[in-house]
Amino acid sequence: TSIANLEDWEIDIKDFSKEISKKMAIGCSYNKTQTGIQVVIQGDVGNTVIDILLHKYNIPKENIEAIRKTKKKPTT
């Protein structure tokens with residue numbers, strides 16, 4: 001799961017990463033990209049992260065966009 005543009009909402013990326021890592025007991029890191037800071041969380045936890053962004057950080061739902069990328073199954 002990847003998250004971008006949190007700095008637009010004045011969310012401390014370091015604290016956010018620690019919170020997610022601790023709360024879900026999974027790996028969470030962040031790095032700078034050409035477009036800003038990206039948070040990367042192990043696993044498919046998009047719905048849980050959306051709930052946290054909505055309820056703890058008060059980000060309006062219309063400002064959250066979930067993009068699902070799935071790997072294509074190999075054809076035989």
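Let me start with strands S1 and S3, the latter covering residues 36-41, which pair in the antiparallel sense over three bridges. Please keep in mind throughout that what we are looking at is a predicted model. Within this pairing, Ser-2 has Val-40 as its bridge partner in S3, and Ala-4 has Gln-38 as its bridge partner in that strand.

On its other pairing, S3 meets S2, again in the antiparallel sense, and here there are six bridges. One pair to look for on the screen is Cys-28, whose bridge partner in S3 is Ile-41. The connection between S2 and S3 is a hairpin, and it passes through two residues.

If we put these pairings together, we have an open sheet of three strands in the order S1-S3-S2, with antiparallel pairing. The strands at the edges are S1, residues 2-4, and S2, residues 28-33, each of which pairs on one side only. Neighbouring strands in this sheet are turned against each other by 25 degrees on average, if we ignore direction.

Now to the helices. Helix H1, residues 13-24, lies across S1, S2 and S3, and runs at about 150 degrees to S2.

Which residues does Phe-16 contact, if we leave aside its neighbours within four places in sequence? The list is Ile-3, Leu-6, Ile-11, Val-39, Val-49, Leu-53 and Tyr-57. Ser-17, which has its place in helix H1, is buried, with a relative accessible area of 4%. Not counting residues up to four places away in sequence, Ser-17 touches Cys-28, Ser-29, Tyr-30 and Val-39, so that Val-39 appears in the contact lists of both Phe-16 and Ser-17.

That brings me to the interior. As a general point, nonpolar side chains in soluble globular proteins tend to be buried together. Here the largest nonpolar core has 16 residues, and those that touch the most other members are Leu-6, Phe-16, Val-39, Ile-41, Val-49 and Leu-53. The elements giving two or more residues to this core are H1, S3 and H2, and the largest share, four residues, comes from H1.

What about charged pairs? A search of the whole structure finds one salt bridge. Lys-56 forms this salt bridge with Glu-19, and the closest N and O atoms are 3.2 Å apart. Because Lys-56 lies in the segment after H2 while Glu-19 lies in helix H1, the pair ties together parts that are 37 residues apart in sequence. Is Glu-19 buried or exposed? Glu-19 is buried, since its relative accessible area is 16% and the cut-off for buried is under 20%.

Finally, a word on confidence. The mean pLDDT of the protein is 87, and 89% of its residues reach 70 or more. Confidence is lowest in S1, at a mean of 90, and highest in helix H2, residues 46-55, at 92. As a general caution, where pLDDT is low, the predicted coordinates should not be read in detail.

Notes: Residues numbered from 1 in each chain as written. Predicted model: local features only at pLDDT ≥ 70, side-chain atom pairs only at ≥ 80, totals over all residues. Heavy atoms only, no water. Pairing = 2+ DSSP bridges. Axes fitted to C-alpha atoms, helices over the stretch in contact; angles between N-to-C directions. Contact = heavy atoms within 4.5 Å. pLDDT = per-residue confidence, 0-100. Salt bridge = Lys/Arg side-chain N within 4 Å of Asp/Glu carboxyl O. Buried < 20%, exposed > 50% of the residue type's maximum accessible area, 1.4 Å probe, protein only. Core = buried A, V, L, I, M, F, W, Y, C linked by side-chain atoms within 4.5 Å.
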